[in-house]
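Ready for some practice with aromatic rings? Open the model in your viewer and work through the exercises at your own pace.

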Amino acid sequence: MLVTVDWIRENYNICNRKYFQGRLPKEINFKVGTKLQKWGQASCRFIKDYDGEIKATNFCIYISNAYDSPEDVKLNVLLHEMIHILD
């Protein structure tokens with residue numbers, strides 16, 4: 001199966017409710033590519049606010065279509081990346 005941004009978004013929202021009680025960010029970017037070196041990647045940017053508190057922002061989850069794997073494998077990659085975003 002090859003994923004799309006819409007597939008990632010839909011399953012992110014489902015998994016966020018089911019496994020994370022909706023605690024993960026709603027504002028997140030999703031990307032699909034063909035990197036051979038990684039199945040997925042989670043990233044964010046850290047900023048310091050006016051009070052000096054450091055906060056994470058600009059969340060992104062990337063999933064590679066380099067390998068045409070079953071949907072359950074892609075879903076496990078997504079869940080793995082979601083764990084990285086969890087506080």
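The exercises below deal with ring contacts in this predicted model.

**Exercise 1.** Find how many aromatic pairs there are, and classify the one formed by Y12 and F30.

*Solution.* Start with the count, which comes to two aromatic pairs. Next, take Y12 and F30: their ring centres are 5.2 Å apart, with 65° between the planes. Planes over 60 degrees apart count as edge-to-face, and that is the label for Y12 and F30. Now place the two residues in the chain. Y12 belongs to helix 1 (residues 5-20) and F30 to strand 1 (residues 28-33), so the pair links distant parts of the chain, 18 residues apart. Finally, check the accessibility: both Y12 and F30 are buried.

**Exercise 2.** Classify the pair W39 and Y67, and work out which parts of the chain it ties together.

*Solution.* Begin with the geometry: 5.0 Å centre to centre and 20° between the planes. Planes under 30 degrees apart count as stacked, so W39 and Y67 form a stacked pair. Then locate the residues. W39 lies in the loop between strand 1 and strand 2 (40-48), while Y67 lies in the loop between strand 3 (54-64) and helix 2 (71-85), so the pair ties together parts 28 residues apart in sequence.

**Exercise 3.** Are W39 and Y67 buried or partly exposed, and which nonpolar surface patch do they help make?

*Solution.* The relative accessible area is 37% for W39 and 32% for Y67. Buried needs under 20% and exposed over 50%, so W39 and Y67 are both partly exposed. Together with L36, W39 and Y67 make a nonpolar surface patch of about 300 Å².

Conventions
Residues numbered from 1 in each chain as written. Predicted model: local features only at pLDDT ≥ 70, side-chain atom pairs only at ≥ 80, totals over all residues. Heavy atoms only, no water. Phe/Tyr/Trp six-rings, centres within 6.5 Å; stacked < 30°, edge-to-face > 60°. Helix = DSSP H or I, 4+ residues; strand = E, 2+ residues; numbered from the N terminus. Buried < 20%, exposed > 50% of the residue type's maximum accessible area, 1.4 Å probe, protein only. Patch = residues over 30% accessible without salt bridge, like charges linked within 9 Å, V, L, I, M, F, W, Y side chains within 5 Å. Areas by Shrake-Rupley, 256 points an atom, 1.4 Å probe, with all protein chains shown as cover. Salt bridge = Lys/Arg side-chain N within 4 Å of Asp/Glu carboxyl O.
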